[in-house]
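This briefing goes through one protein structure by topic. Please look over the sequence and the model before reading the points below.

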Amino acid sequence: EKGFQAADGGVMVTFPKVSAASALVQVAVDLKNDASAARSGNLQLELKDKAGKVVASANVTVALGALQHKVFSRMLDVKNPRLWSPDAPNR
C-alpha cells in the first residue's frame with residue numbers, strides 16, 4: 001500500500017537567526033501522499049550533533065488528502081550551537 005513519500009522538494013534547512021547562545025533552524029519537509037485515501041501521522045524532526053546527540057527536535061502532525069502534497073515546516077531552537085567556520089567546519 002502506498003503512503004507518505006518525500007516529494008520533489010525533499011528536506012530544506014535554513015538558519016534565520018544564529019548567535020553563540022542559540023540558533024533558530026527552520027526545517028521544511030515536502031511530503032506527498034501516494035495513497036488513494038487521506039492519511040495522517042506524525043513526522044519526527046531531529047537535529048543531531050557530530051556525536052549523534054539530539055540537540056533539537058519537534059514532532060509535527062501531518063495530514064494529507066489522497067494524492068496530495070504539502071510542505072510541513074517547523075522552527076527548532078538549538079542552544080549553544082557549535083558555529084561553523086573554515087577552521088572549525090562543524091555540521
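Gly-65 counts as partly exposed because its relative accessible area is 22%, and partly exposed covers the range between under 20% and over 50%. Gly-65 sits in the loop between strand 4 and strand 5. The model is predicted, and its mean pLDDT is 88.

**Confidence in the model**

- Of the residues in the protein, 90% reach a pLDDT of 70 or more.
- Confidence is lowest in strand 1, residues 4-18, where the mean is 80.
- Confidence is highest in strand 4, residues 54-64, where the mean is 95.
- Where pLDDT is low, the predicted coordinates should not be read in detail.

**Overall make-up**

- The protein has five strands and zero helices.
- Read from the N terminus, the order of elements is β-β-β-β-β.
- The C-alpha trace spans about 50 × 25 × 20 Å along its principal axes.
- The radius of gyration of the protein is 16 Å, whereas a compact globule of 91 residues would have one near 12 Å.
- Of the 91 residues, 25% are buried.

**Arg-39 and the loop between strand 4 and strand 5**

- Arg-39 belongs to strand 3, which covers residues 39-48.
- Arg-39 counts as partly exposed because its relative accessibility is 28%.
- Gly-65 is 26 residues from Arg-39 in sequence, and their C-alpha atoms are 6.4 Å apart in space.
- Ala-66 is 27 residues from Arg-39 along the chain, with 7.3 Å between the two C-alpha atoms.
- Leu-67 is also placed in the loop between strand 4 and strand 5, the latter being residues 69-79.
- Leu-67 counts as exposed because its relative accessibility is 64%, and the cut-off for exposed is over 50%.

**Positive phi angles**

- Which phi value does Leu-67 have? Its phi is positive, at about 60°, although Leu-67 is not a glycine.
- Asn-80 has a positive phi as well, near 50°, and it too is a residue other than glycine.
- Asn-80 is placed in the segment after strand 5.
- With a relative accessibility of 60%, Asn-80 counts as exposed.

**Asn-33 and its contact**

- Asn-33 is found in strand 2, which covers residues 22-33.
- Is Asn-33 buried or exposed? Asn-33 is buried, because its relative accessible area is 1% and the cut-off for buried is under 20%.
- A polar atom of the Asn-33 side chain lies 2.9 Å from the backbone nitrogen of Ala-35.

**Salt bridges**

- How many salt bridges does the count come to? The count comes to two.
- One salt bridge joins Glu-46 and Lys-48, with 3.9 Å between the closest N and O atoms.
- That distance satisfies the rule, because a salt bridge needs the side-chain nitrogen within 4 Å of the carboxyl oxygen.
- Glu-46 is partly exposed, with a relative accessible area of 43%.
- Another salt bridge joins the side chains of Asp-77 and Lys-79, at 2.7 Å from N to O.
- Asp-77 counts as partly exposed at 33% relative accessibility, whereas Lys-79 is exposed, with a relative accessible area of 55%.

**Nonpolar surface patch**

- Which residues make the nonpolar surface patch? The patch is made by Val-11, Val-13, Phe-15, Val-18 and Leu-83.
- The area of the patch is about 460 Å².
- Leu-83 is found in the segment after strand 5.
- Leu-83 counts as partly exposed because its relative accessibility is 40%.

**Gly-10**

- Gly-10 is placed in strand 1, the element where confidence is lowest.
- Gly-10 counts as buried because its relative accessibility is 18%, and the cut-off for buried is under 20%.
- Gly-10 and Leu-76 are 66 residues apart along the chain, and their C-alpha atoms are separated by 18 Å.

Technical notes. Residues are numbered from 1 along each chain as its sequence is written. Side-chain values use heavy atoms; hydrogens and water are left out. pLDDT is the predictor's confidence in each residue, from 0 to 100. Helices (H or I, at least four residues) and strands (E, at least two) are DSSP runs, numbered from the N terminus. Buried means under 20% relative accessible area, exposed over 50%, partly exposed in between (1.4 Å probe, protein chains only). Patches are made of residues with over 30% relative accessible area and no salt bridge: like charges are joined within 9 Å, nonpolar side chains (Val, Leu, Ile, Met, Phe, Trp, Tyr) within 5 Å. Accessible areas come from the Shrake-Rupley method with a 1.4 Å probe; for residues, only the protein chains shown count as cover. A polar contact is a pair of N or O atoms within 3.5 Å; within protein, one must be able to donate a hydrogen and the other to accept it, and residues adjacent in sequence count only if both atoms are side-chain atoms. The radius of gyration is taken over C-alpha atoms; the globule rule is 2.2 Å times the number of residues to the power 0.38.
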